[in-house]
Amino acid sequence: MTVQISAFSWVPKGARGLVKDLRVRWALEESGIAYEEHLTLPRGECPDEYRQWQPFGQVPAYRDDRVEMFESGAIVLHIARDNPVLSPPDRNGQARMESWVFAALSTIEPRLQGIFLIDDALAATPEGAAFKTRMSELLANRLGVLSNCLGANEYLLGQIHRCGHHDGNRAARCAGTRPAGALAGTDGLCGTMRSPSGICTGAGRADGQLR
Ligand SMILES: N[C@@H](CCC(=O)N[C@@H](CS)C(=O)NCC(=O)O)C(=O)O
């Protein structure tokens, strides 16, 4: 069967290009794996049968002829498994790649979410502004470490092993548009941000989602 991924049939303007099916599209595009979209509706509007596939009613969900699964990180690791474009051939390299995927999801992303979720009304209060500033500092620290690890290299691991780099790019992109100053001192990430091909190498349809 052709690989299927779920996506929302409609996304508000501010969220376009940030929806997490992008991670899966990116891995598939880089691997040259054809896929089709299963479109669904967000939150309470999603049909019950979709929850059999994604219990929280979120996107993305994924299926191929061997597995049916959800959670973007798990899906990306599944795609990367046995795939020399995304995963190093040796066990240690694979372990490093997996480490970066988890770092993206559990070390970097929560810092970003703290800023992303605070709404404008709360951010306008002194407490909200202080919280946002603190979260921006914490995010800048994480992005600084990521930038140091990236150095002058295009990828965190080797030349073509791109898993784990994705969320660094995403975090950098979001940080660039939302928490002012979070990218200070992260030259490597800024360079990647400036280069469209660096953000979305070979990902035609994923690039489409960015618009
Ligand atoms: N941890 C999940 C998070 C998925 C997620 O937050 N998806 C968002 C879109 S970016 C969503 O479906 N939001 C609607 C909702 O939570 O009801 C993953 O990485 O797959």
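I take a strand to be a DSSP run of E with at least two residues, numbered from the N terminus, and on that footing I place tyrosine 35 in strand 2. I keep in mind throughout that this is a predicted model.

**Entry 1, the sheet.** I looked up the strand order and found an open sheet of 4 strands, ordered 2-1-3-4, with mixed pairing. Its edges are strand 2, residues 35–40, and strand 4, residues 68–70, each of which pairs on one side only. I noted that neighbouring strands are turned against each other by 25 degrees on average, with direction ignored. I then followed strand 3, residues 61–63, which pairs with strand 4 in the antiparallel sense over 3 bridges, and I found alanine 61 standing opposite phenylalanine 70 of strand 4.

**Entry 2, tyrosine 35.** Is tyrosine 35 partly exposed or buried? I count it as partly exposed, because it has 18 C-beta neighbours inside 10 Å and a buried residue needs 20 or more. Setting aside its neighbours within four places in sequence, I list its contacts as Thr2, Val3, Gln4, Ile5 and Leu28. For threonine 2, which is 33 residues away along the chain, I recorded a C-alpha separation from tyrosine 35 of 5.8 Å.

**Entry 3, helix 1 on the sheet.** I checked what helix 1, residues 21–31, lies across, and found strand 1 (3–8), strand 2 and strand 3, with the helix running at about 150 degrees to strand 1.

**Entry 4, helix 4.** I compared the length of helix 4, residues 91–116, with expectation: at 1.5 Å a residue its 26 residues should span 38 Å, and the end C-alpha atoms are 35 Å apart, which agrees. I nevertheless noted a bend of about 50 degrees at glutamate 109, with proline 110 following within four residues. Glutamate 109 is also among the buried residues of this helix, which include Met97, Trp100, Val101, Ala104, Ile108, Arg111, Leu112 and Ile115 as well.

**Entry 5, the core.** I turned last to the nonpolar residues, recalling that in soluble globular proteins nonpolar side chains tend to be buried together. The largest nonpolar core here has 32 residues, of which Val24, Ala27, Val76, Ile79, Ala80, Val101 and Leu139 touch the most other members. Which elements give two or more residues to this core? I find strand 1, helix 1, strand 3, helix 3 (72–80), helix 4 and helix 6 (126–150). Helix 4 gives the most, with 7 residues, and Val101, which I had listed as buried in that helix, is one of the residues touching the most other members.

Technical notes: Residues numbered from 1 in each chain as written. Predicted model: local features only at pLDDT ≥ 70, side-chain atom pairs only at ≥ 80, totals over all residues. Pairing = 2+ DSSP bridges. Axes fitted to C-alpha atoms, helices over the stretch in contact; angles between N-to-C directions. Contact = placed C-beta atoms within 7 Å. Expected span 1.5 Å × (residues − 1). Bend = angle between axes of the 7 residues up to and from the residue. Buried ≥ 20, exposed ≤ 12 C-beta atoms within 10 Å, placed from the backbone. Core = buried A, V, L, I, M, F, W, Y, C linked by C-beta atoms within 7 Å.
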